[in-house]
Amino acid sequence: IQGPKTDDLAAKIFGDAVRDIRFFRFAWMDFKGHPLVVARSGWSKQGGFEIYLDKPALGEPLWDALWEAGREFNVAPGCPNLIERIEGGLFSYGNDFTLDNNPLEAGLEKYCDLDGAFEFIGRNALRQVRDAGPARIVRGIRMAGGEGPACTATWPLDVHGTCAGH
């Protein structure tokens with residue numbers, strides 16, 4: 001569920017406690033007597049929720065409940081707005097960064113607790129990158145001029161004849 005009225009729609013289905021879920025967190029919410037994982041996430045800087053079904057029989061009833069509750073909000077099907085996602089700093093693995101990048105290069109440091117109690121593969125390597133500063137950073141740029149060609153592959157970025165990135 002995405003969009004500016006997401007919290008109100010989700011609250012009609014799961015109750016007002018759904019409003020307390022923080023970004024990139026989740027809670028177990030009841031739907032028709034069955035607990036579902038409801039996560040505050042999604043592809044929009046407007047915020048939203050992803051609902052994880054583990055019982056296929058609930059799929060259609062959940063869909064119907066969302067549509068019925070969403071009538072007053074003019075709910076409609078949609079798709080991710082890629083530009084809004086990128087402008088909001090929600091990069092997508094495989095599209096905006098790859099295994100050639102680390103989370104600190106991709107601007108995701110606020111989601112990386114490198115000094116917390118959790119151990120994970122790569123933590124020491126990421127601490128070294130953090131302490132030294134990332135060698136490169138994925139970031140947006142503004143370009144003057146007219147419309148560009150379709151972005152079907154990366155474009156090289158040259159500075160005085162030297163490749164400075166892509």
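User: What makes β1, β2 and β3 an open sheet, and in which order do the strands lie?

Analyst: The order is β1-β2-β3, with antiparallel pairing. Strands are DSSP E runs of at least two residues, and helices are H or I runs of at least four, numbered from the N terminus. Two strands pair if DSSP finds at least two bridges between them. The edge strands β1 and β3 each pair on one side only. Ignoring direction, neighbouring strands are turned by 35 degrees against each other on average. This is a predicted model: local features need pLDDT of at least 70, side-chain atom pairs count only at pLDDT 80 or more, and totals for chains, interfaces and linings use all residues. Numbering starts from 1 along each chain as its sequence is written, and side-chain values use heavy atoms, without hydrogens and water.

User: How do you know that β1 and β2 pair, and how many bridges join them?

Analyst: Six bridges join the two strands. The rule asks for at least two, so they pair. A27 has V38 in β2 as its bridge partner, and F31 stands opposite H34. The two strands form a hairpin with two residues between them. K32 in that turn has a positive phi of about 55 degrees.

User: What makes β2 and β3 a pair?

Analyst: Four bridges, in the antiparallel sense. The threshold is at least two, so this pair also qualifies. V37 has Y52 in β3 as its bridge partner.

User: Why is β2 called mostly covered?

Analyst: Six of its seven residues are buried. Buried means under 20% relative accessible area, exposed over 50%, and partly exposed in between, with a 1.4 Å probe and protein chains only.

User: Which elements do the buried residues of α1 pack against?

Analyst: They pack against β1, β2, β3 and α2. Contact means heavy atoms within 4.5 Å. The buried residues of α1 (6-14) are T6, L9, A10, A11, I13 and F14. Helix α1 lies across the three strands at about 50 degrees to β1. α2 also touches β1, β2 and β3, with its direction at about 95 degrees to that of β1. Axes are lines fitted to C-alpha atoms, for helices over the stretch in contact, and angles run from 0 to 180 degrees between N-to-C directions. G15 follows α1, with a positive phi near 95 degrees.

User: Why is C112 called partly exposed?

Analyst: Its relative accessibility is 23%. That falls between the two cut-offs, so C112 is partly exposed.

User: What makes C163 exposed or buried?

Analyst: C163 has a relative accessible area of 54%. That is over 50%, so C163 is exposed.

User: How many disulfides are there?

Analyst: Zero. A disulfide is a pair of cysteine sulfur atoms within 2.5 Å.
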